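Trainee: I have a model open and do not know how to read it. Where should I begin?

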Amino acid sequence: MRFHSLPESKRYAEDASEYTVVLERYNTVLDELFAGADVYVITPLWTTEAKVPSSQPVTGYWQSLLVEDDPDPEFRTYCHLFAARRPWRRGCIDESLRDVADDKVAGILITDTRMQRIHHPYDGGADVFLATSEERDRMRDRHADWLSSHHSGL
């Protein structure tokens, strides 16, 4: 399901009060998903090389994926994933969430340690994947005013 970060599906915050709304919505859903639990914050790094860049700290390195296997090595694309486990606390990743909201970073995933619930923030909102359709429906109903009015839900 997809939640929008700002009223009327506005994509980007323009002032402090709108950033407050963005972070409040992200954190409200994250609290409902992960309060009292540990989470993985998974961050991607995209490169054209299979080797993990030496400039990236190896702490939290999880795995690398070949995303685009082009015969020309200059056009191959790799995604290096870094996973940090941490106890969920409201506001603990606000800096990253604000960077996502500003489209400075993309592709971050927040998930429970069993990877049954996933929160994928993006500039303009968040996609949320839940373990059951019943759980999805309850969350959708609690935050119906954060959903898109478009018939596709996007």
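Mentor: Begin with a definition: a residue is buried under 20% relative accessible area, exposed over 50%, and partly exposed in between. Keep in mind that this is a predicted model. Take Asp103: its relative accessible area is 44%, so Asp103 is partly exposed.

Trainee: Where is Asp103 found?

Mentor: Asp103 sits in the loop between α2 and β5 (109-112). Its backbone also deserves a look: Asp103 has a positive phi of about 60 degrees although it is not a glycine. That position comes just after α2.

Trainee: Which other residue, not a glycine, has a positive phi near 60 degrees?

Mentor: Met115 has such a phi. Met115 belongs to the loop between β5 and β6. With 38% relative accessibility, Met115 counts as partly exposed.

Trainee: Now the helix before Asp103. Which residues of α2 are buried?

Mentor: Helix α2 covers residues 94-101, and its buried residues are Leu97, Val100 and Ala101. To judge how they are arranged, look down the helix axis. The buried residues of α2 fall within an arc of 100 degrees, so they line one face of the helix.

Trainee: What covers the buried residues of α2?

Mentor: The cover includes α1 (16-34) and β6 (118-122).

Trainee: How many residues does the largest nonpolar core have?

Mentor: A nonpolar core is a set of buried residues of certain kinds, joined through side-chain atoms within 4.5 Å. Here the largest one has 26 residues, and Tyr26 and Ile110 have the most contacts inside it. At least two residues of this core come from each of α1, β2 (38-47), α2 and β7 (125-129). The element that gives the most is α1, with eight residues.

Trainee: What does Ile110 touch?

Mentor: Leaving out residues up to four places away in sequence, Ile110 touches several residues, among them Leu30, Phe34, Val39, Tyr40 and Val41. The list also includes Ile93, Ile118 and Pro121.

Trainee: How many aromatic pairs are there, and how do I read one?

Mentor: There are two aromatic pairs. For each, check the distance between ring centres and the angle between planes; an angle over 60 degrees counts as edge-to-face. The rings of Phe3 and Trp146 have centres 6.1 Å apart and planes at 85 degrees, so this pair is edge-to-face. Phe3 is in strand β1 (residues 2-4) and Trp146 in the segment after α3 (133-142), so the pair ties together parts 143 residues apart in sequence.

Trainee: Are Phe3 and Trp146 buried or exposed?

Mentor: Phe3 is buried, at a relative accessible area of 3%. Trp146 is buried as well, at 12%.

Trainee: Which rings form the other pair?

Mentor: Tyr61 and Phe82 form it, with ring centres 5.7 Å apart and planes at 70 degrees, so this pair is also edge-to-face. Tyr61 lies in strand β3 (residues 61-68) and Phe82 in strand β4 (residues 77-87), 21 residues apart. Tyr61 counts as partly exposed at 36% relative accessibility, whereas Phe82 counts as buried at 7%.

Trainee: Which residue lies over the face of Tyr19?

Mentor: Arg98 does, at 3.5 Å from the ring centre.

Trainee: Which polar contacts does the side chain of Arg2 make?

Mentor: A polar contact is read from a pair of N or O atoms within 3.5 Å. The side chain of Arg2 makes one with the side chain of Tyr122 at 3.4 Å, and one with the side chain of Asp127 at 2.6 Å. Arg2 lies in strand β1 and counts as partly exposed at 23% relative accessibility.

Trainee: One last residue, Thr47. Where is Thr47 found?

Mentor: Thr47 is in strand β2, and it is buried, with a relative accessible area of 16%. A polar atom of the Thr47 side chain lies 2.8 Å from the backbone oxygen of Glu49. Apart from neighbours within four places in sequence, Thr47 is in contact with Pro53, Arg76, Thr77, Tyr78 and His80.

Terms used: Residues are numbered from 1 along each chain as its sequence is written. This is a predicted model: local features need pLDDT of at least 70, side-chain atom pairs count only at pLDDT 80 or more; totals for chains, interfaces and linings use all residues. Side-chain values use heavy atoms; hydrogens and water are left out. Rings of Phe, Tyr and Trp (its six-membered ring) pair if their centres lie within 6.5 Å; planes under 30 degrees apart count as stacked, over 60 as edge-to-face and the rest as tilted. Helices (H or I, at least four residues) and strands (E, at least two) are DSSP runs, numbered from the N terminus. Buried means under 20% relative accessible area, exposed over 50%, partly exposed in between (1.4 Å probe, protein chains only). A charge sits over a ring if NZ of Lys or CZ of Arg is within 6 Å of the ring centre and within 35 degrees of the ring normal. The arc is that of the directions from the helix axis to the C-beta atoms. Contact means heavy atoms within 4.5 Å. A polar contact is a pair of N or O atoms within 3.5 Å; within protein, one must be able to donate a hydrogen and the other to accept it, and residues adjacent in sequence count only if both atoms are side-chain atoms.
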